Amino acid sequence: MTRVLISGASGLIGSALVHSFESQGDEVTRLVRHPSTIAYEIRWDPMHAIPAELVSGFDVVLHLSGESVAGRWTEAKKKRIRESRVVSTQNLSNALANTKKAPTTFICASAIGYYGSRGDEILNEATPSGGGFLAEVCRAWESATAQAADAGIRTVSLRIGIVLSRSGGALKQMLLPFRLGLGGKIGSGQQWWSWIHIHDLVAAVHHLLQHDVLRGAVNMTAPNPVPNAEFTKTLAGVLRRPAVLPIPAFAARLAFGELADEGLLASARVVPEKLIENGFEFKYSELGSALPDLL
């Protein structure tokens with residue numbers, strides 16, 4: 001039995017991982033911000049120093065919590081996005097580095113926003129970071145794990161793409177307009193969208209835990225990213241609806257502000273080179289099989 005400590009356990013990825021760990025008999029403890037009333041919860045304040053004894057004795061620590069990037073990016077919102085990731089990771093990393101019984105593995109979320117918008121360039125884990133707010137946040141986020149890594153804890157940063165799940169995330173938000181026949185490409189539709197089926201993401205995390213050679217940044221995307229126009233066309237086809245109402249770039253910017261340029265309109269053609277080289281087998285490597293499975 002593996003003892004797992006996880007933050008962000010109620011989120012889309014966290015809840016799927018908790019279920020997978022518990023289904024195989026592992027013991028999962030959640031880091032929560034509300035008063036803990038049950039044995040498998042530990043209360044923490046991610047914005048303040050964490051007592052080392054609070055996180056001692058676990059085999060694996062996963063840090064997935066952070067302010068949602070959805071919504072208009074005011075300066076206050078951007079500060080919450082950055083600090084909820086960077087400060088919390090620094091505090092947790094420092095506590096793990098000083099605990100008497102450290103985990104063998106510390107896995108921290110990151111995002112493919114690290115690469116910025118790069119057109120048709122193929123991006124692997126060795127590709128330098130790009131420009132923009134999300135790229136800057138991701139660089140600082142990944143750097144914040146340094147204390148744990150320096151203390152000898154195997155540390156992995158998951159550069160996560162668009163997670164496809166029927167339970168939430170981008171796909172769930174797209175379903176209503178597409179089911180009503182109101183879907184279509186966003187902007188030119190030529191921007192690359194790097195996605196991953198939730199099943200493969202969970203399986204990839206378990207693969208990481210079984211292969212000590214994997215450390216540092218690991219891209220969590222399917223091996224076959226697609227342009228947005230292909231993504232929306234495939235989604236509409238699965239739903240048997242037309243995709244004839246594109247969203248012009250200016251409309252996306254009016255609705256979402258800075259998030260449009262760094263999210264919906266950004267082009268990131270990311271490949272999971274480390275996972276592929278290490279022998280991980282994707283169950284859903286093509287969008288044409290992933291979407292029908294989910295829908």
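In this predicted model, Arg-72 is placed in the loop that runs between strand S4 (60-63) and helix H2 (75-98). With a relative accessibility of 46%, Arg-72 counts as partly exposed, because this value falls between the limits of 20% and 50% that separate buried from exposed residues. The side chain of Arg-72 reaches the backbone oxygen of Leu-254 at 2.5 Å, and Leu-254 also appears among the contacts of Arg-72 when neighbours within four places in sequence are left aside. The other residues in that set are Lys-77, Arg-253, Ala-255, Phe-256 and Gly-257. Arg-72 and Lys-233, in turn, are 161 residues apart in sequence, and their C-alpha atoms lie 27 Å apart in space.

A second loop position is that of Asp-59, which is found between strand S3 (41-43) and S4. Asp-59 counts as partly exposed, at 29% relative accessibility. Apart from its neighbours within four places in sequence, Asp-59 is in contact with Met-1, Thr-2 and Arg-3, and also with Pro-103, Thr-104 and Thr-105. Between the C-alpha atoms of Asp-59 and Ser-165, which are 106 residues apart along the chain, the separation is 28 Å.

Arg-240 is likewise a loop residue, situated between helix H7 (228-239) and helix H8 (249-256). The relative accessible area of Arg-240 is 74%, so this residue is exposed, the limit for that class being over 50%. The backbone of Arg-240 has a positive phi of about 55 degrees, although the residue is not a glycine.

Two further residues belong to regular secondary structure, one to a helix and one to a strand. Glu-142 lies in helix H3, which covers residues 133-143, and is buried, with a relative accessible area of 13%. A polar contact of 2.8 Å joins the side chain of Glu-142 to that of Arg-159. When neighbours within four places in sequence are set aside, the contacts of Glu-142 are Ser-110, Tyr-114, Ser-157, Arg-159 and Ala-217.

Thr-155 is located in strand S7, which spans residues 154-160. At 9% relative accessibility, Thr-155 counts as buried, since the class takes in values under 20%. The side chain of Thr-155 reaches the backbone oxygen of Ile-153 at 3.0 Å, while the contacts of Thr-155 beyond four places in sequence are Phe-106, Thr-145, Ala-148, Ala-149, Arg-215 and Gly-216.

For the chain taken as a whole, the secondary structure comes to eleven helices and 13 strands. The radius of gyration is 19 Å, close to the 19 Å that the globule rule gives for 295 residues, so the chain is as compact as a globular protein of that length. Along the principal axes, the C-alpha atoms fill a box of roughly 60 × 40 × 40 Å. Of the contacts with a separation of 6 or more, 77% are accounted for by residues 24 or more positions apart.

With respect to the surface, 51% of the 295 residues count as buried, and the accessible surface of the chain comes to about 13300 Å², of which carbon and sulfur atoms hold 53%. The chain carries 29 positive and 27 negative side chains, and the centres of these two sets lie 6 Å apart.

Notes: Residues are numbered from 1 along each chain as its sequence is written. This is a predicted model: local features need pLDDT of at least 70, side-chain atom pairs count only at pLDDT 80 or more; totals for chains, interfaces and linings use all residues. Side-chain values use heavy atoms; hydrogens and water are left out. Helices (H or I, at least four residues) and strands (E, at least two) are DSSP runs, numbered from the N terminus. The radius of gyration is taken over C-alpha atoms; the globule rule is 2.2 Å times the number of residues to the power 0.38. Buried means under 20% relative accessible area, exposed over 50%, partly exposed in between (1.4 Å probe, protein chains only). Contact means heavy atoms within 4.5 Å. Accessible areas come from the Shrake-Rupley method with a 1.4 Å probe; for residues, only the protein chains shown count as cover. Lys and Arg count as positive and Asp and Glu as negative; His and the chain ends are not counted. The place of a charge is taken as NZ of Lys, CZ of Arg, CG of Asp or CD of Glu. A polar contact is a pair of N or O atoms within 3.5 Å; within protein, one must be able to donate a hydrogen and the other to accept it, and residues adjacent in sequence count only if both atoms are side-chain atoms.
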